[in-house]
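Colleague: I've got a new structure open and I'm still learning how to read one. Could you walk me through it?

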Amino acid sequence: MGHREDLLVAARRLLEDKGYAHITTRDLVAASGTNLASIGYHFGSKAGLLNAAIGQVFEEWTEQLADLAMADPAASPVERGHVTWAALLGSLASKRKLLLSYVEALAQAERTPDLRSQFAEQYRRCRERVAGLVAESLGDGTRSDDPRCLAVASFVIAICDGLSVQWLLDPESAPTAEELLAGLGAMWSASFPPRGKADDVSA
C-alpha cells in the first residue's frame with residue numbers, strides 16, 4: 001500500500017483503540033509507519049485524515065445495509081426499511097467504538113470549517129445513494145433526484161443516526177425495528193399515495 005492507504009488503515013485502527021479526541025499526530029505517524037508530511041500532503045491535517053477514515057467506514061456500512069435491503073427483489077419498500085433497521089440494530093455493538101469516535105468528531109465540526117465541509121459532503125453522497133435505492137424500490141420509473149426520494153432518504157438517514165445515538169446512551173430502551181417500521185409505513189403512504197388518490201387530490 002502507499003502512504004495514503006497506510007494512513008487510512010492506521011487511523012481506522014486508532015479510532016477504535018483510542019477514540020477520536022485522544023489521537024495525536026504522533027500516534028498516526030507511528031501506527032502507519034509514514035511521516036508528518038504525508039498526512040498534510042494526502043489529507044491536509046490530522047482532522048482531515050481521521051474524518052476520511054470515519055467516512056470510509058460509514059460508506060462501507062451504508063453499502064452493507066444497502067445490499068441487505070435490496071437482497072429480496074420481491075420485497076416492498078416498507079419491508080426493505082424494516083430489514084435495514086433490523087440489520088443496523090444488529091451491527092451497532094460491533095461498531096460501538098467507531099460510533100463514539102464519530103460523535104466526538106461531529107462535536108469538533110462546528111469549529112473546524114474543513115471538517116464540517118467533509119461531513120456535509122459525506123451526507124450528500126449518502127442521501128444520493130439512499131435516494132437511488134428508494135427510486136429502485138418503487139420500480140415505476142421515478143428518478144432518484146425526485147424530491148420525494150430525497151425526502152425519504154433524509155428521513156431514513158435521520159432515523160439511522162438518531163437510533164445509533166439512542167442505542168449508545170441506552171441500548172435497552174432504544175426503539176426496535178418493528179416500532180420504526182410503523183413510522184416508516186405511515187411516512188411512505190403519505191409520500192407516495194396510489195396514483196388514483198394522488199390524481200383525485202390534485203383535481
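Modeller: Sure, and let's start with a term: a residue is buried under 20% relative accessible area, exposed over 50%, and partly exposed in between. Glu-63 has 32% relative accessibility, so this residue counts as partly exposed. Keep in mind that this is a predicted model.

Colleague: Okay, what kinds of elements does the protein have, helices or strands?

Modeller: Running from the N terminus, the elements go α-α-α-α-α-α-α-α-α-α. The C-alpha trace spans about 65 × 35 × 30 Å along its principal axes. As for the tally, there are zero strands and 10 helices.

Colleague: How much of the protein is made up of buried residues?

Modeller: For the outside, the accessible surface comes to about 11100 Å², with 55% of that belonging to carbon and sulfur atoms. For the inside, take the 203 residues of the protein: the buried share is 39%.

Colleague: What share of the contacts with a separation of 6 or more comes from residues 24 or more positions apart?

Modeller: Here's an example of such a pair: Met-70 and Leu-133 are 63 residues apart in sequence, but their C-alpha atoms are 7.9 Å apart in space. Met-70 sits in the loop between α4 and α5, and Leu-133 is among the residues it touches, along with Arg-80, Glu-136 and Ser-137. Across the protein, the share you're asking about is 64%.

Colleague: Let's zoom in on a helix. How far does α6 reach from its first C-alpha to its last?

Modeller: Helix α6 covers residues 96-109, which gives 14 residues. At 1.5 Å a residue you'd expect 20 Å. The reach in the model is close to that, at 20 Å.

Colleague: And how wide an arc do the buried residues of α6 cover around the axis?

Modeller: The buried residues here are Leu-98, Leu-99, Ser-101, Tyr-102, Ala-105 and Ala-109. They are on the same side of α6, because the arc they cover is only 160°.

Colleague: What covers those buried residues of α6?

Modeller: Not every residue of this helix is tucked away: Val-103 is in α6 too, and its 36% relative accessibility makes it partly exposed. Val-103 even joins Val-165 and Leu-169 in a nonpolar surface patch, with about 280 Å² of accessible area together. As for the buried residues, their cover includes α1, α4, α7 and α8.

Colleague: Speaking of α8, is Val-156 buried or exposed?

Modeller: Val-156 is found in helix α8. Not counting residues up to four places away in sequence, Val-156 touches Trp-85 and Val-130. Its relative accessibility is 17%, and the cut-off for the category is under 20%, so Val-156 counts as buried.

Colleague: Now α7. Which residue follows that helix, with a positive phi?

Modeller: α7 has 26 residues and reaches 37 Å, close to the 38 Å expected. Its buried residues include Leu-115, Phe-119, Cys-126 and Val-130. Right after the helix comes a residue with a phi near 65°, and that's Gly-139.

Colleague: I've heard about salt bridges. Which residue meets Glu-63 in one?

Modeller: Side chains of opposite charge can pair when their charged atoms come close. A search of the whole structure finds 10 salt bridges. One of them has an N to O distance of 2.8 Å, and the partner of Glu-63 there is Arg-129.

Colleague: So how far apart in sequence are the parts that this pair ties together?

Modeller: Arg-129 has 31% relative accessibility, so this residue is partly exposed. Glu-63 lies in helix α4 and Arg-129 in helix α7, so the pair links parts whose separation in sequence is 66 residues.

Colleague: Which residue forms a salt bridge with Arg-124?

Modeller: Look for a partner in α7, four residues from Arg-124, about one turn of the helix. The closest N and O atoms of the two are 2.6 Å apart. With 45% relative accessibility, the partner counts as partly exposed, and its name is Glu-128.

Colleague: Last one: is Arg-143 buried or exposed?

Modeller: Arg-143 forms a salt bridge with Asp-145, and the closest N and O atoms are 2.7 Å apart. Asp-145 is partly exposed at 42% relative accessibility. Arg-143 has a relative accessible area of 56%, so the word for Arg-143 is exposed.

Definitions and conventions: Residues numbered from 1 in each chain as written. Predicted model: local features only at pLDDT ≥ 70, side-chain atom pairs only at ≥ 80, totals over all residues. Heavy atoms only, no water. Helix = DSSP H or I, 4+ residues; strand = E, 2+ residues; numbered from the N terminus. Expected span 1.5 Å × (residues − 1). Buried < 20%, exposed > 50% of the residue type's maximum accessible area, 1.4 Å probe, protein only. Arc of directions from axis to C-beta. Contact = heavy atoms within 4.5 Å. Patch = residues over 30% accessible without salt bridge, like charges linked within 9 Å, V, L, I, M, F, W, Y side chains within 5 Å. Areas by Shrake-Rupley, 256 points an atom, 1.4 Å probe, with all protein chains shown as cover. Salt bridge = Lys/Arg side-chain N within 4 Å of Asp/Glu carboxyl O.
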